[in-house]
Amino acid sequence: IRTGSIGGLLATSLGLGGMAGMWLLIGDTLSLSGFGSGASIVSFYVRVAGGIFAKGADIGSDLVGEFDDQRKEEDQQVFELQRRMNLLEEERRDREKRGLEGDDEATIAELRQMEAEV
C-alpha cells in the first residue's frame, strides 16, 4: 500500500503544485487548461513506459525461477554423489579389514563414471 500511495500522492502533489505555480506566475486561468492537457499526455507516456518496465521484471523473474529449479536439481545430484562416495569408502574399509586389497580398479572406474554424470 505504501509504495502505491507514495507514487500517487507524489503525482497529485506535483500536479497541484505546478498548477498553483502557473496560476501565481501567469494569473490566467486559460493557461491552466494547457497545463492540464500537457500533464495528461505526460502521464500517458509514463504509464506506457511503466508497462515496458513491468514486462522486463516478468522476464527477469522467469529467468530467476528457471535458475532456481536447476540449482535444486544440481544440489540433489551432488547429494547423491556424496552418498555414493561414502558407500564406496565404507566398502573399501571393509575390504581392508578382511585383508582384501588391490581391487581398487572397480572403485576408480565407478568414481570416474560418477564424475562424468555430474
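This is a short tour of charged and nonpolar side chains in a predicted model.

**Stop 1: helix 2**

Begin by selecting residues 30-98, which make up helix 2. Several of the side chains visited below belong to this helix, including F44 and D69.

**Stop 2: a nonpolar patch**

Select I41, F44, Y45, V48 and I52 and show their surface. Together I41, F44, Y45, V48 and I52 make a nonpolar surface patch of about 550 Å². F44 can serve as the point to centre on; its place is in helix 2.

**Stop 3: a negative patch**

Now select D58, D62, E66, D69 and E73. These residues form a negative surface patch. Centre on D69, a residue of helix 2. Is D69 buried, partly exposed or exposed? Its relative accessible area is 46%, so D69 is partly exposed.

**Stop 4: the salt bridges**

How many salt bridges does a search of the whole structure find? The search finds three. Visit them in order of residue number.

Select R71 and D75 and display their side chains. The two side chains meet in a salt bridge, with an N to O distance of 3.9 Å. The cut-off for a salt bridge is 4 Å, so this pair counts as one. R71 and D75 are four residues apart in helix 2, which means that about one helical turn separates them. R71 has a relative accessible area of 43% and is partly exposed. D75 is likewise partly exposed, with a relative accessible area of 43%.

Next, select E80 and R83. What is the distance between the closest N and O atoms of this salt bridge? Those atoms are 2.9 Å apart. The spacing along the sequence here is three residues, and within helix 2 this places R83 and E80 about one helical turn from each other. Both ends are partly exposed: R83 has 38% relative accessibility, and E80 has a relative accessible area of 29%.

Finally, select E89 and R93. R93 forms a salt bridge with E89, and their closest N and O atoms are 3.5 Å apart. Both residues lie in helix 2, four residues apart, or about one turn of the helix. R93 counts as partly exposed at 46% relative accessibility. E89 counts as partly exposed too, at 27%.

**A view to keep**

To end, colour the negative patch of D58, D62, E66, D69 and E73 and the nonpolar patch of I41, F44, Y45, V48 and I52. Then show R71 with D75, R83 with E80 and R93 with E89 as sticks.

Key
Residues numbered from 1 in each chain as written. Predicted model: local features only at pLDDT ≥ 70, side-chain atom pairs only at ≥ 80, totals over all residues. Heavy atoms only, no water. Patch = residues over 30% accessible without salt bridge, like charges linked within 9 Å, V, L, I, M, F, W, Y side chains within 5 Å. Areas by Shrake-Rupley, 256 points an atom, 1.4 Å probe, with all protein chains shown as cover. Lys, Arg positive; Asp, Glu negative; His and termini not counted. Charge placed at Lys NZ, Arg CZ, Asp CG, Glu CD. Helix = DSSP H or I, 4+ residues; strand = E, 2+ residues; numbered from the N terminus. Buried < 20%, exposed > 50% of the residue type's maximum accessible area, 1.4 Å probe, protein only.
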